[in-house]
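User: I should like to understand the reasoning behind several terms applied to this model. Please set each value against its criterion.

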Amino acid sequence: MKRYIALLRGINISGKNKLSMPELKSRLIELGYTDVLTYLNSGNVIFTAHENEESIFADTIRSMILERFDLDIPVCVMPQEKLEALLGKAPDWWGTDGKDRYDNLIFVIPPAAAQSISEKIGEPTMELEQVFICENAIFWSFDRKKYAKANWWKKTASPGIGEWITIRTANTLRKIAVL
């Protein structure tokens, strides 16, 4: 048995894609997953299951959500230990306690690749944001006060990009990495 993290894209944002976390938890237990936890209301799920390919879990969860809730939600799944290792590779400028910066980690949902997503978005705006590609994820920080001027801020929800990524804050990830 292994611990996994599932990140659902675009759940319960601005009244769209409403999905009850307790009901989602129940459905995942019906699929045979154990020790299922949800964190916040934004599609963070931690569960235990027999070791398997991450893509199989992602497809199974996505299909169940489509069937049970009539929502087509991209899902990113990884072993919890992989998330911990990824956070250990964060650049020095990411995840600090500075109140002037906002730190996110962009997870790219296969078959898309982080390098391709980065190229589509383009260069980060000098002095407003920083990016660092690591595996199939992108560490991204931006200036809290001037975020609207940042190139990446404007483009992460664009067609051809937004449907291939899901974004979480440093604080959320630190929490779910140890649940």
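Analyst: In this predicted model, F107 stands opposite A137 in strand β7.

User: What makes β5 and β7 a strand pair?

Analyst: Pairing requires at least two bridges between two strands. Seven bridges join β5 to β7 (residues 137–143), so the criterion is met. The two strands run antiparallel.

User: How do you know that β5 also pairs with β8?

Analyst: Five bridges join β5 to β8 (residues 165–169), again in an antiparallel arrangement. Because at least two bridges are required, β5 and β8 pair. V108 stands opposite I165 in β8.

User: Why is β5 called largely enclosed?

Analyst: A residue is buried if its relative accessible area is under 20%. Seven of the eight residues of β5 (residues 101–108) are buried, so the rest of the structure largely encloses this strand.

User: Why is L66 called partly exposed?

Analyst: L66 has a relative accessible area of 42%. Buried means under 20% and exposed over 50%, so the value for L66 falls in between. L66 is found in helix α2 and, leaving aside neighbours within four places in sequence, is in contact with L71 and D72.

User: Which residues touch the most other members of the largest nonpolar core?

Analyst: Of its 23 residues, these are L8, L19, L24, F47, I61, I65 and V77. The largest share of this core, six residues, comes from α2. A second, separate core of 19 residues includes I5, C76, C134 and L173.

Key:
Residues numbered from 1 in each chain as written. Predicted model: local features only at pLDDT ≥ 70, side-chain atom pairs only at ≥ 80, totals over all residues. Heavy atoms only, no water. Core = buried A, V, L, I, M, F, W, Y, C linked by side-chain atoms within 4.5 Å. Buried < 20%, exposed > 50% of the residue type's maximum accessible area, 1.4 Å probe, protein only. Helix = DSSP H or I, 4+ residues; strand = E, 2+ residues; numbered from the N terminus. Contact = heavy atoms within 4.5 Å.
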